[in-house]
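This report describes selected side-chain contacts and one ligand environment. The sequence and structure are shown below.

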Amino acid sequence: MSIQAQLRDAILKVLPDVECVIGWGPGPDPLRNAPLFMKTPDDVERFEAGPLSVSNLAVFLQEYKGNKVGIVVKGCDSRSVVQMLAEKLINREDVVIIGYPCEGVLDAAKIVTKLGLPQEALEAGMVAKLELEGESVTVTARGKTTELAIKDVTATKCSICRYPNAVLSDEFVGEKREGLEDSYGDVDKFLAMSEEERFRFWEKEMERCIRCYACRNACPLCVCKDHCVATSRDPHWLTQADSPRDKLFFQLIHATHLAGRCTGCGECARACPVNIPVGLFKRFMNRATEKLFSFQGGVDPEATPPLQTFKLEEPTIQERNWK
Amino acid sequence: MSAAKFIAHTDVPAWLAELAASMRVIAPVTEGGNVLYREFDSATNGVELNRKPTESAKHVLFPRSEALFTFRKEPVPFAPDSLDPATEEDSPAPRMTLTQPEAPKPTVVFGMLCCDAGGVTTFDPVYGGRYQDPYYLQKREATVLIAKACNEPLKTCFCTWVGSDPANKRDADILATDFGNGLYLEALTERAERVLGSKLLQDAPANAEAKAEALHAAAREAIGEVPSLEGIDNTLTTLFDERDFWWSHSAPCLACGICTNLCPTCHCFTITDEKASGAGVRLRSWDTCMAALYTLEASGHNPRGQKAARLRNRVGHKFSYFLKNNNGRISCQGCGRCIKSCPSSVDIRRIVLDAMKKGCAVKEAANG
Ligand code: SF4
Ligand code: SF4
Ligand code: SF4
Ligand code: SF4
């Protein structure tokens, strides 16, 4: 039985006990799934899971706090759920977690660049049809059909995913997969630039930010969306000027607030409508948290996140005899 | 009005450079995988006419953040006497100096989408109707809009559903049609004259009109079947209190505001004073009805605290309230950006079609 079929069975089993089960269904174009909120067995018919199930559904859980819901999670999504549990943002008894081993999700931008069509076809909306079969994906755009290996077009986060299986689940279907290594090569590469170059890089990137705050709202762990420092009038922390300075300022605030909490799900960067690599800020912080506190967000629901506690002396931070 | 013209693709950069000598030229360019409307710079920018811009062009006339004026509190000269309560009335009142922004530069937007030009004409009644907004109107008057007919609609395009067209001649000053080797330019308004004087422009080839018409028809055709949205305004009013309808459609929404920020017709703003040490600027910046803060009242009450109420407002404004104030014109131009860029795949077409279906059912039940 396919993973999708097994997941459908698991959802049907959970459905009578919950308000709804959050999963994925068909999206508005062939390149992506949309979140699906299943209440009836008919809804479950529309459920899909696989390389198109990109969005991290954990972002919806806090809205249902106090009501019992089911949620289908990939490995990375499960870490968001675990981190929320660790921070008591949701109650364990309110959520039924259905996990499966994820094989990686597709990156729409990578697909369109790989299609071998002229530059003008670089447009996800031009993909007319997409079929998944085993290890390959067949895409039809502008009357031309191309077969691609799924592994060549998965999201970058999937090629460094340490936890492809749900780290916590009430129902788990399928065979567990091996996790991969993450050596933070992207962060090293970025840090190899000079300070001046790094500054210019962000100045240029942030310039096109439209201040929509999708990076914030797509983040399952951002807790103060409606009361964000970036938009609040009183207190008035950030100006509304269309300047890279204010926009960068917000990113630094978001990254700082997510330090020791971010699970690296990548949703902030995926949501950005103008492709600003805002995930890099958090990757930098995550690496620091791992180095300093030997802590990874969203792995252990009982763990106390390092910045939510206090030790008189941190074993890895040398405060005495600073040179 | 001047006759139709033609310009070879190879001459376009030179033409834009010519215009840039006396005007601000805005054109779509590729940046970081996106297509953005940017100030044209002949040295660095290649104009991108084949892909659809990620953002709309509304910021040219309605900047993301615009200085309405700057202010400065003038220092009051130190007068020891004024500290004496008896003479307080005679002391000079603190003075504020306000400075208006400079008048907008003559501008041309080259290669915008027809739905983006349609966005501009939905702004017109808002900022140039009952309330005259000088900031907008000055820029509008100073700007020539050159729209390019779409040869290839995307899967998310639906301009034909909402009374627009991939080659509509209603909204821009010039309509450009891509003939493969160059652009066929049709002047649609008097304003077009300002940019059609160049020697690089040739007379339009014979049969150009018919050729353009055929291309336009093909693009129209490619969008596919056009469902009827007859009565959508009243239908949405009927559905206003249908909690389940709005709750289920808004369930995936993240209330992130990508949709409204990219939309060519969303025109809401907020005003803030950005000040330090007695000087500052009054800014008008884009706001979004998808954010909780948008309707937060001073008392702390929020009539649209739920995202369902906010999504209902976005759809309702485009497909109902705007129509009632503007002779039945749907404000949405069918550009599909809110669908294409939504991180949660919320599809306004689905909501509107579902409303048409549900609305009929609700009405029948009421009459029944
Ligand atoms: S900051 Fe970005 S990567 Fe980290 S949890 Fe939030 S959305 Fe995911
Ligand atoms: S999602 Fe992108 S454009 Fe929107 S606020 Fe974040 S960085 Fe800026
Ligand atoms: S872009 Fe999508 S998720 Fe974001 S506010 Fe609009 S409808 Fe909601
Ligand atoms: S509502 Fe959506 S489709 Fe309509 S004009 Fe705005 S962004 Fe485009």
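## A pair within one helix

In this predicted model, A:Glu203 has a relative accessible area of 34% and is therefore classed as partly exposed. Its salt-bridge partner is A:Arg200, with the closest N and O atoms 2.6 Å apart. A:Arg200 is likewise partly exposed, at a relative accessible area of 39%. Both residues belong to helix H6 (residues 195–207) of chain A, where a spacing of three residues separates them by about one helical turn.

## A network of shared partners

Salt bridges with partners in common link A:Lys204, A:Glu205, A:Glu207, A:Arg208, B:Glu31 and B:Arg38 into one network. Over all chains, the structure holds 40 salt bridges.

## Buried pairs

A:Glu87 and A:Arg261 form a salt bridge whose closest N and O atoms are 2.9 Å apart. A:Glu87 lies in the loop between helix H3 (75–86) and strand E4 (95–99) of chain A, and A:Arg261 in the loop between helix H8 (244–257) and helix H9 (267–271) of that chain, so the contact ties together parts 174 residues apart in sequence. Both A:Glu87 and A:Arg261 are buried.

In chain B, a salt bridge joins B:Arg349 to B:Asp347, with 3.1 Å between the closest N and O atoms. B:Arg349 and B:Asp347 are both buried.

## Surroundings of ligand 3

The residues around ligand 3 are B:Cys253, B:Leu254, B:Ala255, B:Cys256, B:Gly257, B:Ile258, B:Cys259, B:Met290, B:Arg314, B:Cys342 and B:Val346. Classified by residue type, this shell comprises nine nonpolar, one polar and one charged residues.

Note on methods
Residues numbered from 1 in each chain as written. Chains lettered and ligands numbered in written order. Predicted model: local features only at pLDDT ≥ 70, side-chain atom pairs only at ≥ 80, totals over all residues. Heavy atoms only, no water. Near = heavy atom within 4 Å. Nonpolar A, V, L, I, M, F, W, Y, C, P; charged D, E, K, R; others polar. Salt bridge = Lys/Arg side-chain N within 4 Å of Asp/Glu carboxyl O. Helix = DSSP H or I, 4+ residues; strand = E, 2+ residues; numbered from the N terminus. Buried < 20%, exposed > 50% of the residue type's maximum accessible area, 1.4 Å probe, protein only.
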